[in-house]
Structures are given as C-alpha cells and as structure tokens.
Amino acid sequence: MTAIEDPVQIANLVVVEDLVKEFPVRAGGLFRRATLTAVNHISLTVARGETIGLVGESGSGKSTVANIVAGLLPRTSGKVVVNGVDFSTLRARQLREERRHVQVVFQDPYTSLAPTSTVESSVMEPLQAHNVGSKVERRARVDELLIKAQLDPAYKSRFPSEMSGGQRQRVGIARALALEPQLLVLDEPVSALDVSTKAEIINLLADLKDDLGLSYLFISHDLSTLRVLADRVAVMYLGEIVEQGSSDAIYDAPKHPYTKALLGSVPVPDPVVQRNRERIVLEGDIPSPLAVPSGCSFHTRCPEAMPRCSVDKPEATVVDGTTVACHLFPPSAT
Ligand SMILES: Nc1ncnc2c1ncn2[C@@H]1O[C@H](COP(=O)(O)OP(=O)(O)OP(=O)(O)O)[C@@H](O)[C@H]1O
Ligand SMILES: [Mg+2]
C-alpha cells in the first residue's frame, strides 16, 4: 500500500476516475458471448462529510458503481481510491480491514439481514467478524447502535419477519454503523418504504451524518428522494454520468434534457414554479446496454435531439459550475 500525496485524494474521501465495469454475458445463442458495459468511464468524488446523490433509471449502473466503491466488486479499469487506498492493490486480509471504512445499506434489508438471525445477532455479526470487544462489550454496543438508529433495544430478540419495513431498515443502518465507517453507500435505502416511513429514515440519516461526521453515496432512481440530503448530484444514463453539479444547480437549473425529464416527475412545492416548469415526459424504456445508441446515448429518447446527436458523442463541459455532456452545451459556449 503506498501513501497517496495527490491533493485531490487527500481532500476527498472517495475519488473515482475514469471507472469502467464490463460484464461478460451470453448473447442469444448458447456460445455467443458479448460484453455489457455497465459503467462507462465515469469520474466522481465524495468529499469528507459530503453527500453525493447518484440518480438514474433502472439499469443505468448505479448499484455497480456502489458495489465497486464498497470493494464488493472488482472494476475493469479506471481508479477508485477510498480514504487514500486503492482497494484493487490490496491482498484479501488488507482488503477486509480497509473495507471497514465503507459500509453498504441496501434497499431491502430482507436480503442483507439473515431471516433466521435475531436483530441482536445481525447487528453483532460485523463486531464478531472483526473481533471488536468482549462478548459483554459487544452486547452493550448493539444496544448503543440500535439507540443510534432510533430503535428500541427491546427489539433485539426479534426476527426480521417480526418487524415493519422501516424498523428493518433501522436494523440495517445499525449494522452498517457497527464498525464506525466513514462512508455509507446507501443503495436505494428508502425506495421500498411508504412516504411517511421514507421521511423518517431520511431524517434519521441526516441526524446520523451530522452526529457522526459521515459521508454518503446515496443512490436513488428518483431525484425527489435526494433533495433533503444531497450536497451534489450525479445523473447517470446507460453507464455514463450525463450531468453532475451542486444540488441547487441540478434542481433549480437542470441542463441536460435527461435531468429535466427526471425532474419532470418531481412535484415542486411552489405552484407557480410547478406551472411554469418545462415538462418533459420520457418515452420508452432505457435501451439495452448491449445495444447502446450511437452518438449521444440519450438521443433516441431526447425531446431536444438534433441531427448530430445520433452521430457525435458529446464531450463533458462545465457550464455555470455544472458538468454536462450534451450538444446543447458545446465546449465552445463556455
Ligand atoms: N453481474 C452482472 N452480470 C451481468 N450484467 C450485470 C451484472 N450486474 C449488473 N449487470 C447489468 O449492468 C447494468 C447496470 O446494472 P445496475 O444494477 O448497476 O443498475 P442500477 O442502476 O442499480 O439499476 P436498478 O435501479 O434497477 O437497481 C444492467 O444492464 C444490468 O443488467
Ligand atoms: Mg441498483
């Protein structure tokens, strides 16, 4: 492991540079192979104490990015440095140690919590795996963690099936906090919850972030969920980041037609703004990542597509502090 002296990497907890992830897949016939590019040359950073929202439709590559950042999936190429360490350079034991700093909260705690384990053993499991404290200390720590996740420690003896979705997600969060991580990767943590429970969990995450000085990589397929927490937002389409900027810029002055379309489905509290908002409704499904459209990959669904969009791939350019890849914003216009 080499010490990293690059200032970008010291200021940031996570640095992702030119990341690519390809999956070999079967294409039609039994022996026909193809390569699916789930993540296509993306770059992003998460500063210490910052929340980055990663948004896009199903299949855009969000979970693949999440799993690579969490060290759960190897990358194909590019660089991912977390807390100054490139996971791909580590041996298994070092990787296990370093991965402690990053924990993942999944959409459905049913898949992350063993159905036959009590709440206590689920939350205690990471502590045991890393040999943290004595048995008595671990028990006390589980209570502390449940209280942090605003769940009554009396729930300790329950099984996942004996709790509500919101309570299960609190257990998932308590478990994720057990090893005192610096970064939580939140992969659609509230997508399966009803509106009021969703708000409760978002508030809990906001409180935890302030109390514990955490950073979040918060993944969601809808922008409204990210509004409260995200300092910056990256918008993904077919494995690429098409727009990335501060929350204020993304919500109040979106540039990419895809971002505008995603926002079109988010109601704005101010009725005047809502009435005047340019409404773009996306038609059709996201194309297959095995047949990515030529030029700008969004051109087949873009209401503002021009002839060149099907031919030339737009370069990312910075407009008013926002990075956008769209021919409506050619590099010369900046
Ligand atoms: N292990 C795998 N093998 C082959 N293809 C995969 C694998 N994992 C993901 N993919 C493909 O990569 C693309 C991105 O998947 P990913 O799960 O990252 O998307 P996502 O944005 O998280 O979607 P969702 O909102 O549905 O969770 C999809 O086309 C998916 O089918
Ligand atoms: Mg996903």
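Is Arg 100 buried, partly exposed or exposed? With a relative accessible area of 22%, Arg 100 is partly exposed, because buried would mean under 20%. Please keep in mind as we go that this is a predicted model. Arg 100 also has a partner: Glu 97 joins Arg 100 in a salt bridge, and the closest N and O atoms of the two are 3.8 Å apart. Glu 97 is partly exposed as well, at 41% relative accessibility.

From here, let us visit the ligand. Around ligand 1 you will find 14 residues, and the ones that come nearest are Ser 58, Gly 59, Lys 62, Ser 63 and Thr 64. Two of these reach an oxygen atom of the ligand through their side chains. For Lys 62, an N or O atom in the side chain is 2.8 Å from an oxygen atom of ligand 1. For Ser 63, a side-chain N or O atom likewise lies 2.8 Å from an oxygen atom of ligand 1. Gly 61 takes part through its backbone, where a polar atom is 3.0 Å from an oxygen atom of the ligand. How much of ligand 1 does the protein bury? Taken alone, ligand 1 exposes 630 Å², and the protein buries 62% of that.

It helps to ask which elements build this shell. Those that give two or more residues to the shell around ligand 1 are β1 (12–26), β2 (33–47) and α2 (62–69). Helix α2 supplies the largest share, three residues. As for chemical character, the shell divides into five nonpolar, six polar and three charged residues.

Now back to the salt bridges. The structure holds 17 of them, and a few are worth a closer look. In one, the side chains of Lys 209 and Asp 231 meet, with 3.6 Å from N to O. This pair links distant parts of the chain: Lys 209 sits in helix α8 (residues 195–212), while Asp 231 is in the loop between α9 (223–226) and β9 (232–237), 22 residues apart. The two ends of the bridge also fall into separate classes of accessibility. Lys 209 counts as buried, at 12% relative accessibility, whereas Asp 231 is partly exposed, with a relative accessible area of 36%. The reason is the cut-off: buried means under 20%, so a value of 12% qualifies, and 36% falls between that limit and the 50% above which a residue is exposed.

Another salt bridge joins Asp 312 to Arg 308, and here the closest N and O atoms are 3.5 Å apart. Both partners are partly exposed: Asp 312 has a relative accessible area of 31%, and Arg 308 has one of 39%. Salt bridges can also join up into a network, as they do for Arg 141, Glu 144 and Glu 180.

Aromatic rings make up the next stop. Searching the whole structure turns up three aromatic pairs. One aromatic cluster is formed by Tyr 237, Tyr 258 and Phe 298.

Finally, where does Ala 114 lie? Ala 114 is in the loop between α4 (109–112) and α5 (119–129). Ala 114 counts as partly exposed, at 33% relative accessibility. To get a feeling for distances in the model, compare the position of Ala 114 with that of Pro 307: the two are 193 residues apart along the chain, and their C-alpha atoms are separated by 53 Å.

Technical notes:
Residues numbered from 1 in each chain as written. Chains lettered and ligands numbered in written order. Predicted model: local features only at pLDDT ≥ 70, side-chain atom pairs only at ≥ 80, totals over all residues. Heavy atoms only, no water. Near = heavy atom within 4 Å. Polar contact = N/O pair within 3.5 Å; in protein donor to acceptor, adjacent residues only side chain to side chain. Areas by Shrake-Rupley, 256 points an atom, 1.4 Å probe, with all protein chains shown as cover. Helix = DSSP H or I, 4+ residues; strand = E, 2+ residues; numbered from the N terminus. Nonpolar A, V, L, I, M, F, W, Y, C, P; charged D, E, K, R; others polar. Phe/Tyr/Trp six-rings, centres within 6.5 Å; stacked < 30°, edge-to-face > 60°. Salt bridge = Lys/Arg side-chain N within 4 Å of Asp/Glu carboxyl O. Buried < 20%, exposed > 50% of the residue type's maximum accessible area, 1.4 Å probe, protein only.
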